[in-house]
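Hi,

Here is the structure I said I would pass on to you. Have a look at it first, and my notes on what turned up follow below.

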Amino acid sequence: MLADLLDRNIAWSSHRNAIEPDYFARLATQQAPEFFWIGCSDSRVPANVVAGLDPGEVFVHRNVANVVHSSDMNLLSALEFAVEALKIREIIVCGHYGCGGVRAATEDLPHGLADHWLEPIRRLARSYAVDLARTVSTEDFRDRLAELNVVEGVRRVSETPILQRAWDRGMPISVHGLIYSLKDGLLRDLNCTIDRSHISLEAGE
Ligand code: ZN
C-alpha cells in the first residue's frame, strides 16, 4: 500500500514537472494562497480538489465536522498565520451534506472523545429545534444541521480576536460559508458571509 502511494507520488511529481518545469522551485521559496479553508476531515472533501485549486493556492485546516471551537489552538494558530503572515483575504468555512460527524452528533450512541468534539453541533440542534422540526427526513435534518454548523462556524471565526483585530486595522477579510454535496460535487454558497462592514454596522448601532 505505501509503495503504491510512493509510486503515485513519483508519477505526479514527474507529470507536474513536465507541465511547468519551475513549479516546485517556485513553490519551494514561498506560498501565497488566496484562501484559508476550514473544512471537514472527510476524505471525500479535499479542499484543493473540490475547489479546483493547485498546491500553493489554499491554506487548509480540517477537523471532524469542520467545527470551529473558540479554544482550538490548532485552528486558531492556523487562522492567525493565515491572516497575519499569509495576508489571506478570503476565509471559507466549508461543510458537506452526508457528514459523518454531524450524523454522530445526532445519534443517541456513545462515540467517546468525539462526543466532546461534536458538542457544539448538539447544542445547535437544541437551539434550532423549531427550524429543524420542519425537515422532512432524517437525512434532511442532518443536512440542515450541517448548514447551521457552517453558519455558526463563520460567526465564530468572525468573533475571534484575530479577525476583530484585523478588521480594526482595516484588513479587507471576508469569511464565507459553503456547503459541498457529495452527490454532485458542487459547492453552494450559504450566503452567510461576514466582512468588515458588519463590524462597522455593529459599531454604529
Ligand atoms: Zn464530514
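Let me start with a small puzzle: at 54% relative accessibility, does Arg126 count as buried or exposed? Arg126 counts as exposed, because its 54% is over the 50% cut-off. I'll come back to its partner further down.

Before going on, please keep in mind that this is a predicted model.

**The overall picture**

The protein chain has 11 helices and 5 strands. Its C-alpha trace spans about 55 × 50 × 30 Å along the principal axes. Of the 205 residues, 40% count as buried. If you look at contacts between residues at least 6 apart in sequence, 61% of them join residues at least 24 apart.

The domain assignment splits the chain into domain 1 (1–30) and domain 2 (34–204). Taken over C-alpha atoms, the centres of the two domains are separated by 30 Å.

**The zinc ion**

Which residues are the protein donors of the zinc ion? They are Cys40 through SG, His96 through NE2 and Cys99 through SG, at 2.0 to 2.3 Å from the ion. Along the sequence, the spacing of these donor residues reads C-x55-H-x2-C. Cys40 and His96 link distant parts of the chain: Cys40 belongs to strand S1 (residues 35–40), His96 to strand S3 (residues 90–96), and the two positions lie 56 residues apart in the count along the chain. Both Cys40 and His96 are buried.

**The nonpolar cores**

As general background, nonpolar side chains in soluble globular proteins tend to be buried together. In this model, the largest nonpolar core has 44 residues. The residues with the most contacts inside that core are Phe36, Leu79, Val83, Ile91, Val157 and Leu163. Quite a few elements give two or more residues to it: S1, helix H4 (73–85), S3, helix H5 (100–106), helix H7 (119–127), helix H9 (138–158), helix H10 (161–168) and strand S4 (174–180).

Ile91 is a good residue to click on here. Leaving aside residues up to four places away in sequence, Ile91 touches Phe36, Ile38, Leu79, Val83, Val157, Leu163, Ile173, Ser174, Val175 and His176. Apart from this core lies another, of 10 residues, with Trp37, Val45, Leu53 and Cys94 among them.

**His61**

His61 sits in strand S2 (residues 58–63). Why does His61 count as buried? Its relative accessible area is 5%, and buried means under 20%. The His61 side chain makes a polar contact with the side chain of Asn63, at 3.3 Å. Not counting residues up to four places away in sequence, His61 touches Phe36, Trp37, Ile38, Gly39, Asp72, Asn74, Leu75 and Ala78.

**Out at Asp22**

Asp22 is placed in the loop between helix H1 (2–19) and helix H2 (23–29). With a relative accessible area of 44%, Asp22 is partly exposed. How far apart in space are Asp22 and Ile91? From C-alpha to C-alpha they are 28 Å apart, and in sequence 69 residues apart.

**Salt bridges**

Side chains of opposite charge can pair when their charged atoms come close. A search of the whole structure finds 18 salt bridges, and here are some of them:

- Arg26 and Glu20 meet through their side chains, at 2.9 Å from N to O. Arg26 is partly exposed at 39% relative accessibility, and Glu20 is also partly exposed, at 22%.
- Glu119 is the partner of Arg126 from the opening puzzle, at 3.2 Å from N to O. Glu119 is partly exposed, with a relative accessible area of 27%, whereas Arg126 is exposed.
- Asp131 pairs with Arg134, the closest N and O atoms being 3.2 Å apart. Asp131 counts as partly exposed at 21% relative accessibility, while Arg134 counts as exposed at 61%.

There is also a network of salt bridges that links Arg16, Glu20, Arg26 and Asp54.

If you want somewhere to begin, try the zinc ion with Cys40, His96 and Cys99 around it, then turn to Ile91 and its contacts.

Cheers

Key
Residues numbered from 1 in each chain as written. Predicted model: local features only at pLDDT ≥ 70, side-chain atom pairs only at ≥ 80, totals over all residues. Heavy atoms only, no water. Donors = N, O, S within 2.8 Å, 3.2 Å for Na, K, Ca; no water. Helix = DSSP H or I, 4+ residues; strand = E, 2+ residues; numbered from the N terminus. Buried < 20%, exposed > 50% of the residue type's maximum accessible area, 1.4 Å probe, protein only. Domains from an automatic or database assignment. Core = buried A, V, L, I, M, F, W, Y, C linked by side-chain atoms within 4.5 Å. Contact = heavy atoms within 4.5 Å. Polar contact = N/O pair within 3.5 Å; in protein donor to acceptor, adjacent residues only side chain to side chain. Salt bridge = Lys/Arg side-chain N within 4 Å of Asp/Glu carboxyl O.
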